[in-house]
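Please look over the sequence and the coordinates together before reading on. The paragraphs below go from one element to the next and keep to what can be read from the atoms.

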Amino acid sequence: KKQFEKWELPMIPLTGMTENLSIEQRKILELGRALASDPDFLVLDEISQALSQDNRDALYKFIKKFTSQGKSILMITHDIEEMLEICDTVSVLRDGAVINTKPVSGYTIPALQKDMIGREVSGNYYRDDQDESYRKEVILKVKDLAFGEEIKNISFELHKGEILGICGLSDAGIHEVGKVLFGLEKGFSGSIIDAETGKEIKTPHDILKAGGAYLSKDRDADGLMLSATIGQNISIPNVKSLSGALGFLSPKKVKNLSQKASDDFEVKCESINSIMLQLSGGNKQKVNLSRWLVRDLRFIILDCPTRGVDVGVKAYIYNVLKKAKADGMGIIMISDELSEAMGMSDRILVMREHVQSGILGRSHDFNDEKMAEVML
């Protein structure tokens, strides 16, 4: 508690079990634990990727306070905007080697992207259109969704070809919305309706039957089997289509689907028999996405789909989402990054203190001042 007060870190429950904390709270706890030894030199490895915007701001405030006392920080991050805002000097590594080291004043975003990826990032990083663009057809109807004290009064319609962003501050309840939509939380009230059939969705099975899927924010704990192979992770959600004549899995179908998904999503690996633990965060996320997107989905719920991936994989995922949108898929994208939500969404559902505080449209309302007004 003294460390949290001394460094003005966001307070978290200190008497419960760590396993009950969110990823965000665990990261803050890790920082508090590291500070307990009164270090002069601190290594922060991807800490901000798990944090919402308000807790990122608290982290940046801490960094300034820490370094103002003559202490030093080595900050490992994939976030280019963060790098240029927070750091004094940047060293770029690519394929295990230092490519360049210079003061941040010597870098622009395109130059930094080029050094990190090894080539120019072609096209627009986010979307290059400025208006809402989706079809009239509704895929999901959500009405008065609530779950305990976590979320209350959430209502929206998801359209075909729409990216609906959901964002808010750290305690707003945005990640709980994804879990409730997918049926992972029991005892919620309100309704989730498949607009095509008129049937109510209550369980993960209902979501899958309606042509939907869900990716958790914590892919390692909730999404992937890390001790299994790439092929096994890709095949598990697709067991039904991979069965042979007698109902057993067809090794040939498993291999063909897994190889195609791995190739199509440019997963860097020795083979589809490689263990997931051997992959980088970006390649894990490619496998996580590919195993669902090889299905004929109508919609997908993505909770922080670019968390912990480098700028190249981030751009790749955005391009995948643009294509899925163009093909008519409905996408619910929960994001801790305001720039990501604004850059990719047609509309953004903003939450404040567990309640829906507004839905903003891309054409007029996507600016920092308007978003802050609704979030705060």
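Against which elements do the buried residues of α5 pack? In this predicted model, the buried residues of α5 pack against α4 (80-86), β3 (89-94), β4 (97-103) and α12 (311-326). Helix α5 itself covers residues 109-117, and its buried residues are Leu112, Gln113, Asp115 and Met116. Around the axis these residues cover an arc of only 165°, which puts them on the same side of α5. A general property of helices is relevant here: an α-helix has 3.6 residues a turn, so residues three or four places apart point the same way.

Both ends of α5 show a local detail that can be checked in the coordinates. At the start of α5, the backbone nitrogen of alanine 111 lies within 3.3 Å of a side-chain oxygen of threonine 108, while glycine 118, just after α5, takes a positive phi of about 95°.

Helix α11, residues 281-293, can be examined in terms of both its length and its burial. At 1.5 Å a residue, its 13 residues should span 18 Å, and because the end C-alpha atoms are 18 Å apart, the expected span and the model agree. Of these 13 residues, 12 are buried, so α11 is largely enclosed by the rest of the structure. The buried residues of α11 include Lys284, Lys286 and Arg291, as well as Val287, Leu289 and Trp292.

Among the strands, β12 (residues 347-352) is also largely enclosed by the rest of the structure, because 5 of its 6 residues are buried. Strand β7 (residues 163-168) runs parallel to β12 and is joined to it by 5 bridges, with isoleucine 166 standing opposite leucine 349 of β12. Strand β13 (residues 355-361), by contrast, pairs with β12 in the antiparallel sense over 6 bridges, and here valine 350 stands opposite glycine 358 of β13. In the hairpin that β12 and β13 form, there are 2 residues between the strands, and glutamate 353 takes a positive phi near 55°.

A last stop is glycine 190, which belongs to strand β8 (residues 189-194). Is glycine 190 buried or partly exposed? Its relative accessibility is 33%, so glycine 190 counts as partly exposed. Leaving aside residues up to four places away in sequence, glycine 190 touches Lys143, Asp144, Leu145 and Glu200. Glycine 190 and glycine 118 are 72 residues apart in sequence, and their C-alpha atoms are 49 Å apart in space.

Terms used
Residues numbered from 1 in each chain as written. Predicted model: local features only at pLDDT ≥ 70, side-chain atom pairs only at ≥ 80, totals over all residues. Heavy atoms only, no water. Buried < 20%, exposed > 50% of the residue type's maximum accessible area, 1.4 Å probe, protein only. Helix = DSSP H or I, 4+ residues; strand = E, 2+ residues; numbered from the N terminus. Pairing = 2+ DSSP bridges. Arc of directions from axis to C-beta. Contact = heavy atoms within 4.5 Å. Polar contact = N/O pair within 3.5 Å; in protein donor to acceptor, adjacent residues only side chain to side chain. Expected span 1.5 Å × (residues − 1).
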